[in-house]
Amino acid sequence: ASINYRFISGNYYYEDILEDINNALIKIKEIGNNLNLNIDKVLLTGHSAGGHLSLLYAYKFIDTAPIKPVCVVNRSGPTDLNDDAYYIGNEYSIKLMYLFSNLVNREINSGNRHYKAETLGKASPIYYVNKFTVPTITSHGVLDDVVPYSNAVRLHEKLNEFNVDNILIPFNNSGHGLENDPDSLNLENIKMNEYID
C-alpha cells in the first residue's frame, strides 16, 4: 500500500501527518478484513520525508498502531533534527530551518534552536529509540547535502546502544537520491527481503 498524507503547512504539522498514517493503516486493516486477510504486521518504508515519517510512526506508535510495525526501511530520512550538521556549514540550512519550523509549529532559527531542542527531539525518530524499537534498515548517501549522513550514523549508533537489530548501508558515491551505488542498492534489496522473511 502506498500511503498518502497531508503536507506540512501553516495548518498541518508532523502530528497531523502521523494521524494520516494511522488512518491509512486502519483502512488497510479494514480492507484486509473484508478480503478475509489477517493483516497483523507491517513494514514501513519511505525515502526522505517518507523515511522520517516511517521511522517516527513505527518508533512512536509501536504499541498502539492498528497494524503493528515490525520493521522500517529508511532511505535518506531525517532521524535527528537536533544534529548540528543541519545548521552549521549546510548550504540548505535556512530552507531546513523554515521546514523544521513548519514541521513542529514553532519558529526554529540558528539563534534559538538549542532552546527548542526538546520540541525538535519529539519530531525526531532517534528520540524514541529504546530496547523495544523495531528492526531498522537505513540507506543513506554519504554525499547527501540535504539530510546529513551524520543523521544515519547517529541513529545507527543509538539503535546499537539498545541492541536493536539494524543495519546502516552507506551509499558512498551518492547524494540524497541514492543514485550512484548499484551495489549498495542491491544490498538494500537483499537485506529488506531478509527482514520481510
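Is N105 buried, partly exposed or exposed? N105 has a relative accessibility of 39%, so N105 counts as partly exposed. This briefing describes a predicted model. The chain has 197 residues, and 45% of these count as buried. Its secondary structure consists of six helices and four strands.

**Overall layout**

- Starting from the N terminus, the order of elements is α-β-α-β-α-α-β-α-β-α.
- The chain has a radius of gyration of 17 Å, which agrees with the value near 16 Å for a compact globule of 197 residues.
- Along the principal axes, the C-alpha atoms fit in a box of roughly 55 × 40 × 30 Å.
- Among contacts in the chain with a separation of 6 or more, 69% join residues that are 24 or more positions apart.

**The nonpolar cores**

- The largest nonpolar core has 36 residues, and within this core Y59 and F100 touch the most other members.
- At least two residues of this core come from each of α1 (14–34), β1 (41–47), α2 (49–60), α3 and α5 (149–161).
- The largest share is that of α2, with six residues.
- Another core lies apart from this one; it has five residues, including V73, I137, I169 and L178.
- In soluble globular proteins, nonpolar side chains tend to be buried together.
- Beyond its neighbours within four places in sequence, Y59 is in contact with P125, Y128, V129, T133, V134, T136, L155 and L159.

**Helix α2**

- α2 has 12 residues, and the distance from its first C-alpha to its last is 16 Å, close to the 16 Å expected at 1.5 Å a residue.
- Because 10 of its 12 residues are buried, α2 is largely enclosed by the rest of the structure.
- The buried residues in α2 are G50, G51, H52, L53, S54, L55, L56, Y57, A58 and Y59.
- Y59 is thus both a buried residue of α2 and one of the two residues that touch the most other members of the largest core.

**Helix α3**

- α3 also has 12 residues; at 1.5 Å a residue they should span 16 Å, and the end C-alpha atoms are 16 Å apart, which agrees.
- S93, L96, M97, F100, S101, L103 and V104 are the buried residues of α3.
- These buried residues cover an arc of only 160° around the axis, so they are on the same side of α3.
- On the face turned away from the buried side, α3 carries the exposed residues I94, K95 and Y98.
- The buried residues of α3 are covered by elements that include α1, α2 and α4.

**Two residues with positive phi**

- Most residues other than glycine have a negative phi.
- N105 is not a glycine, yet its phi is positive, near 60°.
- N105 follows α3 and is found in the loop between α3 and α4 (117–122).
- L178 is not a glycine either, and its phi is positive at about 55°.
- The loop that holds L178 runs between β4 (166–171) and α6 (182–196).
- L178 has a relative accessible area of 7%, so L178 is buried, whereas N105 is partly exposed at 39%.

**S76, a buried loop residue**

- S76 is in the loop between β2 (68–75) and α3 (93–104).
- Is S76 buried or exposed? Its relative accessible area is 0%, so S76 is buried.
- Leaving out neighbours within four places in sequence, the residues in contact with S76 are H47, S48, S139, H140, D144, V147, H176 and L178.
- One of these contacts involves H176, whose backbone oxygen lies 3.1 Å from a polar atom of the S76 side chain.
- L178, another residue in contact with S76, is also a member of the core of five residues.

**N163, an exposed loop residue**

- N163 lies in the loop between α5 and β4.
- N163 has a relative accessible area of 72%, so N163 is exposed.
- In sequence N163 and K122 are 41 residues apart, and in space their C-alpha atoms are 22 Å apart.

Definitions and conventions
Residues are numbered from 1 along each chain as its sequence is written. This is a predicted model: local features need pLDDT of at least 70, side-chain atom pairs count only at pLDDT 80 or more; totals for chains, interfaces and linings use all residues. Side-chain values use heavy atoms; hydrogens and water are left out. Buried means under 20% relative accessible area, exposed over 50%, partly exposed in between (1.4 Å probe, protein chains only). A polar contact is a pair of N or O atoms within 3.5 Å; within protein, one must be able to donate a hydrogen and the other to accept it, and residues adjacent in sequence count only if both atoms are side-chain atoms. Contact means heavy atoms within 4.5 Å. A nonpolar core is a set of buried Ala, Val, Leu, Ile, Met, Phe, Trp, Tyr and Cys residues joined through side-chain atoms within 4.5 Å. The expected span of a helix is 1.5 Å times one less than its number of residues. The arc is that of the directions from the helix axis to the C-beta atoms. The radius of gyration is taken over C-alpha atoms; the globule rule is 2.2 Å times the number of residues to the power 0.38.
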